[in-house]
Amino acid sequence: MKIKKNYNLYKKYISSSPENTKKIAQNLAKEFKKGDVIALIGQLGAGKTCFIKGIGKSCGISNNEIVSPTFVLLRIYNGKKIIYHFDLYRIKDYKELENIGYREFMAIADLIVIEWADKLEEIYNDFNWIIKIDYISEKQREIKIYKR
Ligand SMILES: Nc1ncnc2c1ncn2[C@@H]1O[C@H](COP(=O)(O)OP(=O)(O)O)[C@@H](O)[C@H]1O
Ligand SMILES: [Mg+2]
């Protein structure tokens with residue numbers, strides 16, 4: 001995905017472990033506001049779900065509860081905030097997302113997190129945050145945080 005002009009690089013980290021990635025996410029989560037949409041971009045195994053576990057932790061949601069939806073498009077977590085977790089890895093088109101109520105959820109959610117958010121151009125304008133994670137080595141990841 002070409003990061004659009006209207007997003008600015010806000011922070012950049014090199015994470016050295018999954019725990020480190022969760023901490024970075026947990027800290028960033030303090031800045032999220034009601035209704036924020038967080039796009040996660042990165043290859044399989046980059047650490048997108050790991051990052052979301054950190055966001056969940058900041059809302060009192062257990063790590064085990066948060067898994068990649070994989071065969072389901074959406075999981076919903078009820079913590080201090082209600083988080084809608086989409087994974088677009090297997091999505092066919094935007095219509096499929098619309099059909100499960102994406103627009104309606106946008107209106108009521110505290111937070112929306114979307115893995116593989118770059119799959120559907122139709123939603124590029126929805127993001128408040130873009131988290132781009134790149135694999136460096138077995139334990140290292142580059143994490144770039146873009147903000148609208
Ligand atoms: N620094 C790191 N940050 C995040 N995950 C890491 C890191 N180092 C190793 N890993 C491993 O990479 C994998 C990331 O998996 P996951 O979060 O499910 O990726 P994705 O959702 O992007 O496919 C996990 O097995 C995790 O233990
Ligand atoms: Mg995942």
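Ala, Val, Leu, Ile, Met, Phe, Trp, Tyr, Cys and Pro count as nonpolar, Asp, Glu, Lys and Arg as charged, and the others, Gly among them, as polar. Keep that in mind as you work through this predicted model.

**Exercise 1. The surroundings of ligand 1**

Find out how many residues surround ligand 1, which elements give two or more residues to that shell, and how the shell divides by class.

*Solution.*
Step 1. Start with the count: ligand 1 is surrounded by 19 residues, and the closest are T21, G47, K48, T49 and C50.
Step 2. Now look for the elements behind this shell. Helix 1 (18-29) and helix 2 (48-57) are the ones that give two or more residues to it.
Step 3. Sort the shell by class, and you get 4 nonpolar, 11 polar and 4 charged residues.

**Exercise 2. The chain as a whole**

Describe the order of helices and strands along the chain, then decide why its radius of gyration agrees with that of a compact globule.

*Solution.*
Step 1. Count the elements: the chain has 4 helices and 7 strands.
Step 2. Following the sequence, their pattern is β-α-β-α-β-β-α-α-β-β-β.
Step 3. For 148 residues, a compact globule would have a radius of gyration near 15 Å; the chain has 14 Å, so the two agree.
Step 4. Add the outline: along the principal axes, the C-alpha atoms fill a box of roughly 40 × 35 × 30 Å.
Step 5. Finish with contacts. Among those with a separation of 6 or more, 67% are between residues 24 or more positions apart.

**Exercise 3. Strand 2 and its partners**

Work out which strands pair with strand 2 and in what sense they run, and why strand 2 is described as largely enclosed.

*Solution.*
Step 1. Take strand 5 (residues 111-115): it runs parallel to strand 2, and 5 bridges join the two. Here V37 stands opposite I112.
Step 2. Turn to strand 6 (residues 129-135), which pairs with strand 2 in the parallel sense over 4 bridges. In this pairing, the bridge partner of A39 is I130.
Step 3. Check burial. Strand 2 covers residues 36-41, and 5 of its 6 residues are buried, so the rest of the structure largely encloses it.

**Exercise 4. One residue up close**

Is V37 buried or exposed, and which residues does it contact beyond its neighbours within four places in sequence?

*Solution.*
Step 1. Locate the residue: V37 lies in strand 2.
Step 2. Apply the cut-off, which is 20 or more other C-beta atoms within 10 Å for a buried residue. V37 has 22 C-beta neighbours inside 10 Å, so it counts as buried.
Step 3. List the contacts, leaving aside neighbours within four places in sequence: V37 touches I112, I114, D126, F127 and N128.

**Exercise 5. The largest nonpolar core**

Identify the residues that touch the most other members of the largest nonpolar core, and the element that gives it the largest share.

*Solution.*
Step 1. This core has 36 residues, and those touching the most other members are A39, L40, V113, I114, A117 and I131.
Step 2. Strand 2 provides the largest share of this core, with 5 residues.
Step 3. Zoom in on L40. Not counting residues up to four places away in sequence, L40 touches K48, F51, V113, I114, E115, A117 and I131.

**Exercise 6. Helix 2**

Explain why helix 2 is largely enclosed and name what covers its buried residues.

*Solution.*
Step 1. Of the 10 residues of helix 2, 8 are buried, so the rest of the structure largely encloses this helix.
Step 2. The buried residues are K48, C50, F51, I52, K53, G54, I55 and G56.
Step 3. Their cover includes helix 1, strand 2, strand 3 (74-78), strand 4, strand 5 and strand 6.

Conventions
Residues numbered from 1 in each chain as written. Chains lettered and ligands numbered in written order. Predicted model: local features only at pLDDT ≥ 70, side-chain atom pairs only at ≥ 80, totals over all residues. Near = placed C-beta within 6 Å. Buried ≥ 20, exposed ≤ 12 C-beta atoms within 10 Å, placed from the backbone. Pairing = 2+ DSSP bridges. Core = buried A, V, L, I, M, F, W, Y, C linked by C-beta atoms within 7 Å. Contact = placed C-beta atoms within 7 Å. Rg over C-alpha atoms; globule rule 2.2 N^0.38 Å.
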